[in-house]
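Reader: I am in my first year and still learning to read protein models. Could you take one part of this structure and go through it slowly with me, and then show me what lies around it?

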Amino acid sequence: MALLQIAEPGQSPVPHQVKLAVGIDLGTTNSLVATVRGGRAAVLPDEQGAPMLPSVVNYSDPSAAVVGRTAQAMSSEHPADTLISVKRFMGRGREDANEDAARAHYQLADDAAGMVRFVTAAGPVSPVEASAEILRVLHQRAIDTLGDELQGAVITVPAYFDESQRQATKDAATLAGLKVLRLLNEPTAAAVAYGLDSAEQGVIAVYDLGGGTFDISILRLHQGVFEVLATGGDTALGGDDFDAAVADWVLQESGSQALQPGLYRTLQARARAAKEQLSDAESVSISLDGLVDSGAAVVLTRAGFESLIQPLVKQTLRACRRCLRDAQLDTDVDNVVMVGGSTRIPLVREAVAEFFSRDPLLDIDPDQVVAVGAAIQADILVGNRPEGDLLLLDVIPLSLGLETMGGLVEKIIPRNTTIPVTRAQEFTTFKDGQTALVVHIVQGERELVADSRSLARFELRGIPPMVAGAARIQVTFQVDADGLLNVSAREAATGVQSAVTVKPSFGLNDEQISAMLQASFSHAEQDKQARQLAEQRLEAQQLLEGLEIALAADGDALLAPDECARLHQKMSLVREQMSGEDVNDLRIQTEQLGQASESFAARRMDKSIREALSGVSLEALDDGVSE
Amino acid sequence: MAFPDFKQNYFQLFNLPLEFALDQGQLSARYRQLQQQLHPDRYASTSAHEQRVAVQYSALVNQAYATLNKPLARALYLLELAGMSQEQIAAEPMDGGFLIEQMELREKLESMHDLVDPDSVLDHLVAEIGGDIRTHQMEFSQAYTASNLDVAASACVKMQYLEKLLQEAEQIESDLMDKQ
């Protein structure tokens, strides 16, 4: 249902047709793509029938990256060129990533901007570019399977991802040529997959322990609305850490020193295999053949393994406790959903069951549940379920704040605030004639700027010179439904407006992204042009169709005759331009029409609020009251 | 990014009477209903402009819900609608008895880390603060209904003090839990 497309049943001018959209789980260890076909959501396997694509990219051949199992097989031989678990590096600064990089034996390139770039045979590679390679493979798989280009994709991110990590994920999708319908939090996606299947009502806890990240979310499901009450987690805690704990233990046990990078990768793979076997077996033997001179094997029992990972599991339960408190529940949770491969470990299941006093739900494969939920959301977003009134109300995982005097943080949007959210904050100048002001945005729960994550620092220029304290600069912070931040500023006395684009401190800027896009499309410049034109025409088409319906329904009631005439004039300009070949002109005309129609859209929104409220039946209200 | 031109106050937006007492079920039901209608997800396949408008409206509904949902925020909002500024509210004189009580509660809280069994003491303290807050909510409700804004504002300030204390108590509680 669309704002400008509120039509009586049967009045819709567009015949109903299924639009192709997918959900993508871009995981630390494995990635998946799923879609809804014939009303059922399912993961799309590759040609060999394997649903999971290992999130591994090899850059040994400078001309073509290799993704998936083939890349995985090259890992021991080419450790520096083979990037595994790049998700752990998404959106992080170089300083911040050093420790993880050292552990994974990556070489990081020196970078003046403080960004992470891996040194490979194909040159320096950013985590965003490597992730784009993975997404490209899944994108192609979806096109091949479904037989046509996609309308868009919902891409999942850990709920605890911060702004830069989210932006990096979106950038990767853009690089891979995907239209992002929405960034969706992984635990929320899992809840959708379960919620729809079982039509549950009540409070759900989602415990999501993947290869590299941990999330806990508490949601309330009521009449088709999923309301996230609180979320928490750790973006650098997962199965990888279990593998590392086992690998380190093996080295210690065999009395060996640190290994060469390639050998360490081999040991890591054996540690992972041992971990997986211990979910069923009571003990496993880990071979050191080819790794150390003695070449013997060490035996790891399940109890031994459990004591190795116990501190990490405990860390996840602490996050659960905090999340429960944040959710301010006066009842117990009704259901616990387990997500992520690491929840196959018996100790993890037992600990979670004990903590919530509930046996966790395991009906859906914990590796696939996120992709399945994302596919359902994608299906809804492209409008394939006109009757489906499922709605997700998510939250921001970390507080947003501003640097104030003395390096302190003033919180402007606290964690677990429902998105989208808009907050305005007023600033003033502290010197006579001051014309610029620096605003520093940070994310996190700590009180000192030094302990927080720096998101962006920007300067507001062009403030009219006034005496100190006279200027009133209103800065508006808006977090959209993807959890991404937009900032705009306005000087109240003079109305000077300054649009601020927030780009994360360690992110790519738009020029870098278009340069990368250019590079990846260099063979297909014409394709790109054609695609841009097609996309722009679609955008124009949507706007025109929506407006036509809206004008037919409400034009007379909500618009003055001259307003109506102006809109019609702009509409015919767009219509003329649509048959042309100039992308830019069409974009500008569409943009102008869109702007001109905004106040009409707002009036219709007001009207639909009134209708929503006056149309409430007494039964529906009673239902709400008795909850 | 212009804020939506929205002349209704939050109570009108949710079709609720302008008073402190609130039907929580009705608030939640209306909230879900409004978001079903206005959330950007409902406009995902429309033009960027419509999506932008939807984000603004949806954010406004979230803001309204968050304000009405929390008793203290709701009380402050009622005072704001009645024309009282934040400065005026903060300037309300506090009686000495309340301030002394506050200091005593704070001392108890600060000595918490030294106790052998802080949990039960903390539980008791949290319950005490919660009870005090409810008392002042009643006080606010009565004063507001009687249009006695000064008394209502003073009750609000007391709630602010106590909420702050409660937050600190919860922080200590979480520190203690993390140590276990």
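Author: What follows begins with one sheet of chain A and moves outward from there to other parts of the structure. Please keep in mind throughout that this is a predicted model.

The part to look at closely is an open sheet of five strands in chain A, whose order is β17-β12-β13-β14-β18 and whose pairing is mixed. At its edges stand β17, residues 335–339, and β18, residues 391–393, and because each of these has a single partner strand, one side of each is left without a neighbour in the sheet. If you look along the sheet, you will find that neighbouring strands are turned against each other by 25° on average, with direction ignored. As background, strands of a sheet pair through backbone hydrogen bonds, and they do so either parallel or antiparallel.

One of these pairings can be followed down to residues. Strand β14 of chain A, which covers residues 225–234, runs parallel to β18(A) and is joined to it by three bridges; F226(A), for its part, has L392(A) in β18(A) as its bridge partner. The sheet also has a helix packed on it, namely α8 of chain A, residues 302–327, which touches β12 (202–209), β13 (214–222) and β14 of chain A, while its direction makes about 30° with that of β13(A).

Just beyond this helix there is a backbone detail that rewards a careful look. In the loop between α8 and β17 of chain A you will find Q328(A), which has a positive phi of about 50° although it is not a glycine. To see why this deserves a remark, it helps to know that most residues other than glycine have a negative phi, and that most peptide bonds are trans. The second half of that statement has its own exception here, since the peptide bond from I419(A) to P420(A) is cis, with omega near 0°. P420(A) lies in the loop between β20 (408–413) and β21 (421–427) of chain A.

Strand β20 leads to another sheet, an open one of four strands in the order β20-β19-β22-β23 of chain A, with antiparallel pairing. Its edge strands are β20 and β23 (453–460), each of which pairs on one side only, and neighbouring strands are turned by 30° against each other on average, direction ignored. Within this sheet, β19 (residues 400–404) and β22 (residues 437–443) of chain A pair in the antiparallel sense over three bridges, and the bridge partner of L400(A) in β22(A) is Q443(A).

Side chains make links as well, and a search of the whole structure finds 30 salt bridges over all chains. One of them joins D240(A) and R88(A), at 3.5 Å from N to O. This pair links distant parts of the chain, 152 residues apart, with D240(A) in helix α6 (residues 239–253) and R88(A) in the loop between β7 (82–84) and α2 (94–104) of chain A.

Finally, chain A meets chain B, with 57 residues of chain A in contact with 49 residues of chain B. The area buried between the two chains is about 4,800 Å², of which carbon and sulfur atoms give 57%. Two salt bridges are found across this interface, including the one in which the side chains of R182(A) and D41(B) meet at 2.4 Å, N to O. Helix α14 (residues 583–614) of chain A gives the largest share of the side of chain A that touches chain B, 13 residues, and by class that side has 27 nonpolar, 17 polar and 13 charged residues.

Technical notes. Residues are numbered from 1 along each chain as its sequence is written. Chains are lettered from A and ligands numbered from 1 in the order in which they are written. This is a predicted model: local features need pLDDT of at least 70, side-chain atom pairs count only at pLDDT 80 or more; totals for chains, interfaces and linings use all residues. Side-chain values use heavy atoms; hydrogens and water are left out. Two strands pair if DSSP finds at least two bridges between them. Helices (H or I, at least four residues) and strands (E, at least two) are DSSP runs, numbered from the N terminus. Axes are lines fitted to C-alpha atoms, for helices over the stretch in contact, and angles run from 0 to 180 degrees between N-to-C directions. Contact means heavy atoms within 4.5 Å. Buried area is the accessible area (1.4 Å probe) that two parts lose on being put together, summed over both. A salt bridge is a side-chain nitrogen of Lys or Arg within 4 Å of a carboxyl oxygen of Asp or Glu. Ala, Val, Leu, Ile, Met, Phe, Trp, Tyr, Cys and Pro count as nonpolar, Asp, Glu, Lys and Arg as charged, and the others, Gly among them, as polar.
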